[in-house]
Amino acid sequence: MHGVFDIIGPVMIGPSSSHTAGAARLGKMARTILGEQPAAAIIELHGSFAQTYRGHGTDKALVAGLLGYSTDDTRIKEALTTAPQRGLNVTFKTVDLGDNAHPNTAIFHLTGVLGRKVKVVGSSTGGGNIIITEIDGYAVELTGEYYTLISIHQDKPGVIALITHMLAQETVNIAFMRVSRREKGSQALAIIEADHPLPEHILTAVSSIPAVKLALLIPPL
């Protein structure tokens, strides 16, 4: 069954839901995952994004998302001019990720004003919908449709149990949970998507766990 958003599409500025609305949501999600205001961005574009990003305004939409704009923000059209005024330096590159990659894929290499760096890979899948498929080398599936908690932590027994116990105490219902790691005992990443808003003090509680390096709360986009 399709919802109204799937049939009508998003309220947006620009000619294309995939190249404008989806691109803006990708940029905004990448900014949120960075966890601070971006100061520098190298954005690699694949497929259709690479071929038409100037003509379809994809470049403006991606940067608008990095500036925190929503898909219906009229300032999207001036995003490329506004970015340097806001201290954001942006470089675009085109790449060929092969036939298996989605044609509307962007790779964000971001550096924040406080020095944090992150690599985010995502695709605009149509109708303004997106999917984030990689964060700093970890395979993920993040759509921005749920209230989300992200934890980057040491891979050791008890960390996930402690986080989920904290959520259970707040009567948070987990819709989806995915855990990824590079290798046993190294750094791991957990993405927990919930049906309802996550209280702010959950972020403080999870961040206080000694094994947790970084915790983020991401509202639906």
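Let's start at a turn: strands β5 and β6 make a hairpin with two residues between them, and D136 in that turn has a positive phi of about 50°. Before I go on, please keep in mind that this is a predicted model.

Staying with that hairpin, β5 and β6, the latter covering residues 138-142, pair in the antiparallel sense over three bridges. If you want a landmark on screen, find E134, which stands opposite A139 in β6.

Now step back along the chain. Strand β4, residues 117-126, runs antiparallel to β5, residues 129-135, and six bridges join the two. Here the landmark is S123, which stands opposite I131 in β5. This hairpin of β4 and β5 also has two residues between its strands, and G127 takes a positive phi near 65° there.

So what does E134 do with its side chain? It meets the side chain of K119 in a salt bridge, at 3.5 Å from N to O. The pair links distant parts of the chain, with E134 in strand β5 and K119 in strand β4, 15 residues apart. As for how covered they are, E134 counts as partly exposed at 22% relative accessibility, and K119 is partly exposed too, with a relative accessible area of 31%.

How many salt bridges does the structure hold? There are four, and I'd like to show you two others.

One joins R178 and E193, whose closest N and O atoms are 3.0 Å apart. This pair also links distant parts of the chain: R178 sits in strand β8 and E193 in strand β9, 15 residues apart. Is E193 buried or exposed? E193 is buried, with a relative accessible area of 2%, whereas R178 is partly exposed at 26%.

The other is between the side chains of D73 and R75, 2.8 Å from N to O. Here D73 is the buried partner, with a relative accessible area of 15%, while R75 is partly exposed at 41%. For anyone newer to this, side chains of opposite charge can pair when their charged atoms come close.

Let's move to a helix, α6, which spans residues 159-169. Which of its residues are buried? They are V159, I163, M166 and L167. These four cover an arc of only 100° around the axis, which puts them on the same side of α6. The general background is handy here: an α-helix has 3.6 residues a turn, so residues three or four places apart point the same way.

What covers that buried side? The cover includes strands β7 (147-154), β8 (174-181), β9 (187-194) and β10 (212-218), along with helix α7 (200-207). Turn the model around, and the face of α6 turned away from its buried side carries the exposed residues A168 and Q169. Just after the helix comes T171, and its phi is positive, near 55°.

One last stop, on the surface. I174, M177 and V179 form a nonpolar patch there, with about 240 Å² of accessible area together. V179 is found in strand β8, the strand that also holds R178 from our salt bridge to E193. And for thinking about neighbours along a strand, it helps to recall that in a regular strand the side chains alternate between the two faces of the sheet.

That's my tour. Thanks for listening, and I'm happy to go back to any part of it on screen.

Key
Residues numbered from 1 in each chain as written. Predicted model: local features only at pLDDT ≥ 70, side-chain atom pairs only at ≥ 80, totals over all residues. Heavy atoms only, no water. Buried < 20%, exposed > 50% of the residue type's maximum accessible area, 1.4 Å probe, protein only. Arc of directions from axis to C-beta. Contact = heavy atoms within 4.5 Å. Pairing = 2+ DSSP bridges. Patch = residues over 30% accessible without salt bridge, like charges linked within 9 Å, V, L, I, M, F, W, Y side chains within 5 Å. Areas by Shrake-Rupley, 256 points an atom, 1.4 Å probe, with all protein chains shown as cover.
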